[in-house]
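User: I would like a close look at a single part of this model. Please take one residue, then work outwards to what lies around it.

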Amino acid sequence: MGETHSLEDRFQAFVEAENKVEPKHWMPDGYRKTLVRQISQHAHSEIVGMLPEANWITRAPSLRAKLILLAKVQDEAGHGLYLYSAAETLGTSRDQMIDDLHSGKAKYSSIFNYPTLTWADMGAIGWLVDGAAIANQVMLCRTSYGPYSRAMVRICKEESFHQRQGFEIMMHLAKGTPEQKAMAQDALNRWWWPSIMMFGPSDDQSPNSAQSMKWRIKRKSNDELRQEFIDKTVPQAEFIGLTIPDPDLRWNEETGHYDFGTINWTEFFDVIAGNGPCNAERLAARQKAHDEGAWVREAAAAYAAKQASRSARRPAQTHAA
């Protein structure tokens with residue numbers, strides 16, 4: 001018992017000194033489990049997040065818009081792969097993570113269980129959803145686990161493009177015809193509250209937040225990140241002439257932040273529990289893609305085994321010659 005406490009104390013001192021934890025380092029079981037849960041959930045969110053956007057690639061209003069959206073969906077697939085690879089360094093196989101997603105054991109961001117009804121939703125997702133993701137992910141560039149931290153540096157660079165692309169869509173619509181502006185406002189109305197729920201429950205309702213911050217996995221609390229996002233986004237909405245759908249929203253001179261209305265946490269937890277508008281649809285689509293892609297994985301594995309076998313035989317052949 002004393003030795004375990006000593007190891008944990010040394011580990012805590014190590015992360016508090018701003019050192020990076022690497023896969024071969026000793027780490028508490030709770031630290032490892034927290035990271036696997038968080039990184040795999042992040043990876044699942046990137047992969048599932050491709051679905052509502054891929055639905056609009058063929059219906060984008062111009063060739064330029066199609067190319068941008070196609071590139072964005074491709075980026076998200078890459079982000080998922082980086083993150084699955086980072087989680088694998090903690091000893092959990094990718095197959096296990098995928099199985100946990102398909103069984104419902106593992107979660108992904110609740111935001112992706114809402115439908116994309118119009119082209120303006122592509123703008124709202126880029127501006128709000130990716131904007132909220134960046135607020136959280138920039139912090140993770142400094143997370144204490146090395147492989148996760150390094151993956152996040154590249155992901156954040158690409159996500160910043162996605163956010164600007166989304167804002168560009170919303171700006172053009174807001175400054176277009178009355179019908180286009182109404183479409184943009186409708187998308188903002190539907191995506192605003194789910195976006196600020198993305199940061200997770202309030203700090204007093206988040207069971208893992210305090211420990212994650214102690215381990216330097218997280219650097220800021222859910223409520224801090226949510227407030228930063230709101231403070232940055234409200235002026236952007238005002239700039240393009242759209243209205244945040246919150247009658248209680250107002251600038252507070254004393255705090256230097258925006259006050260905002262009560263979040264519907266019942267809706268949030270209901271969606272997390274699997275009862276959102278598109279939960280079943282998203283998981284069914286992922287399961288179908290996984291099943292139909294089995295032959296590709298099998299072919300890749302067979303090719304890798306064949307190449308490994310050839311490499312193993314080659315030195316012997318050279319020596320005999």
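Analyst: Ser45 is found in helix H2. The model is a predicted one. Is Ser45 buried or exposed? Ser45 counts as buried, because its relative accessibility is 10% and the cut-off for buried is under 20%.

What does the side chain of Ser45 reach? The partner is the backbone nitrogen of Ser109, at 2.7 Å. Ser109 also appears in the list of contacts of Ser45. Leaving aside neighbours within four places in sequence, that list holds Tyr108, Ser109 and Phe112.

Now take Ile39. Its contacts, again without neighbours within four places in sequence, are Leu83, Ala86, Ala87, Leu90, Tyr145 and Tyr148. Ile39 also belongs to the largest nonpolar core, which has 77 residues. Ile39 is among the residues with the most contacts inside that core. The others named there are Tyr31, Trp127, Tyr145, Trp191 and Trp192. Tyr145 is thus on this list and in contact with Ile39. Helix H6, residues 120–140, gives the most to the core, with eleven residues. In soluble globular proteins, nonpolar side chains tend to be buried together.

Helix H2 spans residues 29–48. The buried residues of helix H5 pack against helix H2. They also pack against helix H4 (63–88) and helix H12 (279–292). Which residues of H5 are buried? They are Met97, Ile98, Asp100, Leu101 and His102, in a helix that covers residues 94–103. Gly104 follows H5. The phi of Gly104 is positive, near 90°.

Step back to the chain. Its secondary structure comes to 13 helices and two strands. The C-alpha atoms fill a box of roughly 80 × 55 × 35 Å, taken along the principal axes. There are 321 residues, and 46% of them count as buried. Consider contacts between residues at least 6 apart in sequence: 76% of these join residues at least 24 apart.

Last, the surface and the charges. The accessible surface comes to about 16,500 Å². Carbon and sulfur atoms account for 56% of that surface. The chain carries 37 positive and 40 negative side chains. The centres of these two sets lie 9 Å apart.

Key
Residues numbered from 1 in each chain as written. Predicted model: local features only at pLDDT ≥ 70, side-chain atom pairs only at ≥ 80, totals over all residues. Heavy atoms only, no water. Core = buried A, V, L, I, M, F, W, Y, C linked by side-chain atoms within 4.5 Å. Buried < 20%, exposed > 50% of the residue type's maximum accessible area, 1.4 Å probe, protein only. Helix = DSSP H or I, 4+ residues; strand = E, 2+ residues; numbered from the N terminus. Contact = heavy atoms within 4.5 Å. Polar contact = N/O pair within 3.5 Å; in protein donor to acceptor, adjacent residues only side chain to side chain. Areas by Shrake-Rupley, 256 points an atom, 1.4 Å probe, with all protein chains shown as cover. Lys, Arg positive; Asp, Glu negative; His and termini not counted. Charge placed at Lys NZ, Arg CZ, Asp CG, Glu CD.
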